[in-house]
Amino acid sequence: MKTKTAFSLIAAVNFVFCSAAFAGSKTHEVTGTVLETTPTKIVIQKGAERWEIDLDPQTKVSGELKVGAKVTITYTMSAAKIDAGPLSKLKAAAEAAAPITSSVAPGSQKKEGPAVSPTP
């Protein structure tokens, strides 16, 4: 009987740790004073720093958000775009700066041969 209880306890602990591992992104917290709030963002002051954080419909808010209130925001960070180093930026800038000389695709222009005068 003790063996069953021990295995059950081990399985429960394993489940808890696995659930935490697959829960998603690491969360962070910031505490500050509300400077501004709209339905889509909140702006807070933390020391000398001004934080603007986007809100979405799934954001859970407990209490009333109003200017001057002290709040603690729990957030996650996720990437929207990644540039793989300075070469990507240089290549994109070179492509954007390249002059367009013709709207006709290369190789599709009609090649003309030497001018030949008709024989009388």
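Is Val30 buried or exposed? Val30 has 2% relative accessibility, so this residue counts as buried. The views below come from a predicted model.

**Figure 1. Overall fold of the predicted model.** The secondary structure consists of 2 helices and 4 strands. Along the sequence the elements follow the pattern α-β-β-β-β-α. The protein has 120 residues, and 9% of them count as buried. Its accessible surface is about 10900 Å², with 60% of that area belonging to carbon and sulfur atoms. Of the contacts between residues at least 6 apart in sequence, 48% join residues at least 24 apart.

**Figure 2. Close-up of the largest nonpolar core.** This core has 8 residues: Val30, Val34, Ile42, Ile44, Ile53, Val71, Ile73 and Tyr75. Two or more residues each are given by β1 (27-37), β2 (41-46) and β4 (70-76). The most, 3 residues, come from β4. In soluble globular proteins, nonpolar side chains tend to be buried together.

**Figure 3. Close-up of Val30 and its contacts.** Val30 lies in strand β1 and belongs to the largest nonpolar core. Because its relative accessibility of 2% is under the 20% cut-off, Val30 counts as buried. Apart from neighbours within four places in sequence, Val30 is in contact with Ile44, Lys46, Trp51, Ile53, Val71, Thr72, Ile73 and Tyr75. Among these partners, Ile44, Ile53, Val71, Ile73 and Tyr75 are also members of the largest nonpolar core.

**Figure 4. Close-up of Ile73 and its contacts.** Val30 and Ile73 are 43 residues apart along the chain, and their C-alpha atoms are separated by 5.4 Å. Residues up to four places away in sequence aside, Ile73 touches His28, Glu29, Val30, Ile42, Ile44 and Ile53. Of these, Val30, Ile42, Ile44 and Ile53 are, like Ile73, part of the largest nonpolar core.

**Figure 5. Close-up of the largest pocket.** The volume of this pocket is about 580 Å³. There are 19 lining residues, and those closest to the pocket centre are Ile53, Leu55, Thr59, Ile73 and Thr74. Strands β3 (49-54) and β4 are the elements that give two or more residues to the lining. The largest share, 6 residues, comes from β4. By class, the lining comprises 9 nonpolar, 6 polar and 4 charged residues. Ile53 and Ile73 are listed both among the residues closest to the pocket centre and in the largest nonpolar core.

Terms used: Residues are numbered from 1 along each chain as its sequence is written. This is a predicted model: local features need pLDDT of at least 70, side-chain atom pairs count only at pLDDT 80 or more; totals for chains, interfaces and linings use all residues. Side-chain values use heavy atoms; hydrogens and water are left out. A nonpolar core is a set of buried Ala, Val, Leu, Ile, Met, Phe, Trp, Tyr and Cys residues joined through side-chain atoms within 4.5 Å. Buried means under 20% relative accessible area, exposed over 50%, partly exposed in between (1.4 Å probe, protein chains only). Contact means heavy atoms within 4.5 Å. Accessible areas come from the Shrake-Rupley method with a 1.4 Å probe; for residues, only the protein chains shown count as cover. On a 1 Å grid over the protein atoms alone, a cavity is a set of points where a 1.4 Å probe fits but cannot get out, and a pocket is an open set with protein on both sides within 12 Å along at least five of seven lines; lining residues have an atom within 4 Å of a point. Grid points are joined across faces, edges and corners, and a volume is the space filled by probe spheres set on the points. Ala, Val, Leu, Ile, Met, Phe, Trp, Tyr, Cys and Pro count as nonpolar, Asp, Glu, Lys and Arg as charged, and the others, Gly among them, as polar.
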